[in-house]
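Here is a brief report on cavities, ligand shells and two chosen residues. The sequence and structure come first.

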Amino acid sequence: MNTSLKPSDISKPSDCLCHIEPGELSLLPPPYEDFNQTAIPPLKPEKIKNIEASLDDTVAIGIPKPASAEEEKELVHQFLGGLKKLFEKENNWTFLQPLLLSMEHCAKCQTCSNACPVYEMSGRKEIHRPIFRAEVLRRIYKKYLKPGGKITAKLTGDIDLNWTTIARLAELSYRCTLCRRCATVCPIGVDNGLINHEIRKLFSQEMGIAPKELHEKGTVQHLRVGSTTGMNPLAAKDSAEFIQEEMEEIAGYKVEIPWDVEGADILLLHNAGEMLAWPENVGAFAIIFQAAGISWTLSSEAAGYDAVNYGLWYDDVQFSRVAVKHADIARRLKVKKIVMGECGHAHKALTVIADRLLTGDLNIPRESAMVTLENIVLNGKLQFDPLKNNFPVTLHDPCNMVRSMGIVEPQRRILRKIAPRFREMTPHGVENYCCGGGSGFAIMSGYNFAEWRNLVSSRKKFLQILNAFEDEPQDVPKYVCAPCSNCKGTIRDMINYYHAEKRSGLHYGGLVELIVNALAGMKKPIIRFGEKPSWEL
Amino acid sequence: MGFYVLSYLCIAVFIIATGCLIYRQLSFPLHVRWEIYPVRHETIARVAYGGSYMEELNWWEKKYKSSLINELKYMVPEILFLRGLWKENRNLWWLSFPFHFGMYLMIATFALLLLHAFFTLWGLPVFAAGGSVSILLSGLIVVTGWSGLILGNIGSIGVLYKRMTEAELRNYSSFGDYFNILFIFLFFLSAFITCLFFDPFLAGAKAYTLGLLTGGHSLNSYMPGQSVSGSLAIVSASLLVAYIPLTHMSHMYMKYFLYHDVKWDDAPNLPGGKIEAAIKNNLKFKPTWKAKHIEADGQKSWKDIAAAAPKEMK
Ligand code: SF4
Ligand code: SF4
């Protein structure tokens, strides 16, 4: 265990502040022991020669190395300018009070450490302690922004501010999934996830530093092209047409996906990734809504067919732009409510966070699909044959939907009705563990970041899933229900990485697929274990 | 008289500093929601598993309910007994609880001493010397005072020892953290020695509190300086009262804001309501973030900026 590292060590130049040796990660049970000696593949020297990579064994952002000492100095200066703005209401009214409360009241009791899956799974590496990065920021703030800080720093905790500190802090802010498990256990109510979120904002909003998957390919592309997937409105409509055909083919159900229906009761917002990677999810929603006689629509306007809002993870301004766009599309379509599809961060972004942003006629009511679906499944309008889902099912709780929104029971009530072999993970609900793909990690895979995610941040979830099914024979197909696109992508990657379909019979999918699979009268099952869907062939 | 002046000054600092802390909290602009579940003012049924009002179909058509009683039911035991620490970090609780509860008992003792002083000043017949109310109150003062001192001494030595010997605490501790604990320990120790050797029934504390209410002019008031430890106890207690709100130790009561204003602030923005008005004000702020994609020039408001897509990538 590496407990000798202190927050002030972040500013001491070295090639690698924290390296994980093979065997240091938390142990996996049989039949995965062969992964216990697996190390994060080393970064190729030629790939990292021009970027900052001195934090640990991976790279999330890839900040170019400054060309000169002057440039370094200028960047340090910019950083301090941004830090100051985090504490100004003009610049950070969004989080000023929560940030200050968390900055000023930590008792450094370390209760939060044990709650953090990244810290635990990393082999308890010091840099992954929830308060490590918070303490770095706190010390810089006190020393460089508070009057007399350079003197009081000797008494309250010193730190040097140089380019190394800043480059490492930026990278370190992308080793936390913002799952906020640490915040739930802090006896004082301090939120290290929030402090991390604010660090990311400082880098993006002041210095233009953010992972390209979140910024250039994320929010910027979303606002320009219409989706973070790169799909423009035409391509989105094409996908939907394909999905209609596929649903008829695989489920034997003729479904119409309605577009731009003015005055519909519901505007359904999907994560556009579903259309490309899991079209059956979009199709299953359409089948359920159609079968239940719901008045609904999708929007074909740019950004209106992609519910994601990556700004939630790193930039309040980009967040606001996307949220306003979503609300404005719903306003012009004159729908009664927006229903958020199976995407956890989109749920929180538009329902909770944007709630203190949207005013007047932009404040269209927003509802979780879990709630809409619960009403459809439990109100008796549709008939189900739960035995069609007669395989072991467990439920993953997306942090943003569950811990941050309190949408806990609707999805469970559905599963209890349609999945006779449903079992919980331990712990679950608001105490769940993140899938490891939170805060953008699911879509970040530059350098060797995907390996880091599979080995470190997803490890706890993988263990939880294995535990949930430990009483089942290896060859029985098992279904991990993850009603969130990003979680689903992460779980897909972890199943592939650990060969868990072969070794443990693990499969994954969303909630609507299970609902449609149990619908009475469907000609064919939509869930077919072991068969590759046509779009993957 | 110098002791009384010091105590008055310190109490004044406490009131002003705490007032400023609270005023600051109340004057922040409304922040975006960042609640975390369970939100304790929800219905008991939902609190049990961490559910929210957003679990209801068309939740906005229903009345938003928030029970302060349910919040307090959680927060009071949390503040008094450190319930969260008991659940999540039991090893530390065994030391942190006596440390904190010792302080709370000292506050309770001071409240009882004040009550005693008021009764003495009013000269109420029910409080006549030797009467049952007087005996009961004096007994309570002795019990809370002694228990607080014993717990406080054990707790402060314990947390100090733990902080010094465990790397995960030591690596994050500064001189200031040790100083704070030592400061509190100094008070507990000096007060304990005073009670043990000079004043087992806290007669001096009663007299000093009476003196505090009368500017030291009452006949029964205590003339400090009768023992070194007694003087030290008065000086350290007074200074602590002034010092706590100036440090992160104010978390003992600022917890209220961390919980009530952030963790549990789930109030929805309803059309035409107070929240909407506050948001409209917030949207008038003019940010100055420098990254190009923000396109802030100090003139455009948040509202202008949120309504426009960025032209720049970086
Ligand atoms: S954040 Fe909370 S739990 Fe973590 S060290 Fe600080 S006070 Fe303790
Ligand atoms: S938010 Fe989650 S990943 Fe980040 S420090 Fe807290 S517990 Fe760890």
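In this predicted model, the largest cavity encloses about 430 Å³ of space. Its lining counts 25 residues, and the closest to the centre are Ala107(A), Ser96(B), Phe99(B), His100(B) and His251(B). Which element gives the largest share of this lining? That is α5(B), with six residues. Four helices of chain B each supply at least two lining residues: α5 (90–122), α6 (132–165), α8 (175–197) and α11 (251–263). By class, the lining has 17 nonpolar, five polar and three charged residues.

The structure holds seven cavities of 30 Å³ or more. The second largest contains about 190 Å³ of space. A total of 21 residues line this second cavity, and His345(A), Cys399(A), Asn400(A), Gly438(A) and Ser439(A) are the closest to its centre. Elements giving two or more residues to the lining are α15 (311–314), α17 (344–352) and α22 (485–497) of chain A. The largest share comes from α17(A), with three residues. Which domains of chain A contribute at least three residues each? Both domain 1 (15–207) and domain 2 (219–521) do. The class split for the second cavity is 11 nonpolar, nine polar and one charged.

The table sets out the class counts for both linings and both ligand shells.

| Site | Nonpolar (residues) | Polar (residues) | Charged (residues) |
|---|---|---|---|
| Largest cavity lining | 17 residues | five residues | three residues |
| Second largest cavity lining | 11 residues | nine residues | one residue |
| Shell around ligand 1 | nine residues | three residues | one residue |
| Shell around ligand 2 | seven residues | two residues | three residues |

Next come the ligand shells. Around ligand 1 there are 13 residues, of which Cys106(A), Cys109(A), Gln110(A), Cys112(A) and Cys186(A) come nearest. Ligand 2 is surrounded by Cys116(A), Val118(A), Pro130(A), Arg133(A), Cys176(A), Thr177(A), Leu178(A), Cys179(A), Arg180(A), Arg181(A), Cys182(A) and Gly193(A). Two helices of chain A, α6 (130–145) and α9 (181–185), each supply at least two residues of the ligand 2 shell.

Now two single residues of chain A. Leu514(A) sits in helix α24, residues 511–518. Is Leu514(A) buried or exposed? Leu514(A) is buried, because its relative accessible area is 0%, and the cut-off for buried is under 20%. Beyond residues up to four places away in sequence, Leu514(A) touches Asn389(A), Phe391(A), Val393(A), Leu415(A), Ile418(A), Tyr479(A), Cys481(A) and Ile527(A). Glu213(A) lies 301 residues away from Leu514(A) along the chain, and their C-alpha atoms are separated by 31 Å.

Glu472(A) is in a loop of chain A, between α21 (459–468) and β7 (478–481). Why does Glu472(A) count as buried? Its relative accessibility is 15%, and buried means under 20%. Apart from neighbours within four places in sequence, Glu472(A) contacts Pro392(A), Arg421(A), Arg423(A) and Lys478(A).

Last, the layout of chain B. Domain 1 of chain B runs over 2–36 + 88–249, and domain 2 covers 283–307. How far apart do the C-alpha centres of these two domains lie? The centres of domain 1 and domain 2 of chain B are 48 Å apart.

Note on methods:
Residues are numbered from 1 along each chain as its sequence is written. Chains are lettered from A and ligands numbered from 1 in the order in which they are written. This is a predicted model: local features need pLDDT of at least 70, side-chain atom pairs count only at pLDDT 80 or more; totals for chains, interfaces and linings use all residues. Side-chain values use heavy atoms; hydrogens and water are left out. A residue is near a molecule or strand if one of its heavy atoms lies within 4 Å of it. Ala, Val, Leu, Ile, Met, Phe, Trp, Tyr, Cys and Pro count as nonpolar, Asp, Glu, Lys and Arg as charged, and the others, Gly among them, as polar. On a 1 Å grid over the protein atoms alone, a cavity is a set of points where a 1.4 Å probe fits but cannot get out, and a pocket is an open set with protein on both sides within 12 Å along at least five of seven lines; lining residues have an atom within 4 Å of a point. Grid points are joined across faces, edges and corners, and a volume is the space filled by probe spheres set on the points. Domain bounds come from an automatic or database domain assignment. Buried means under 20% relative accessible area, exposed over 50%, partly exposed in between (1.4 Å probe, protein chains only). Contact means heavy atoms within 4.5 Å.
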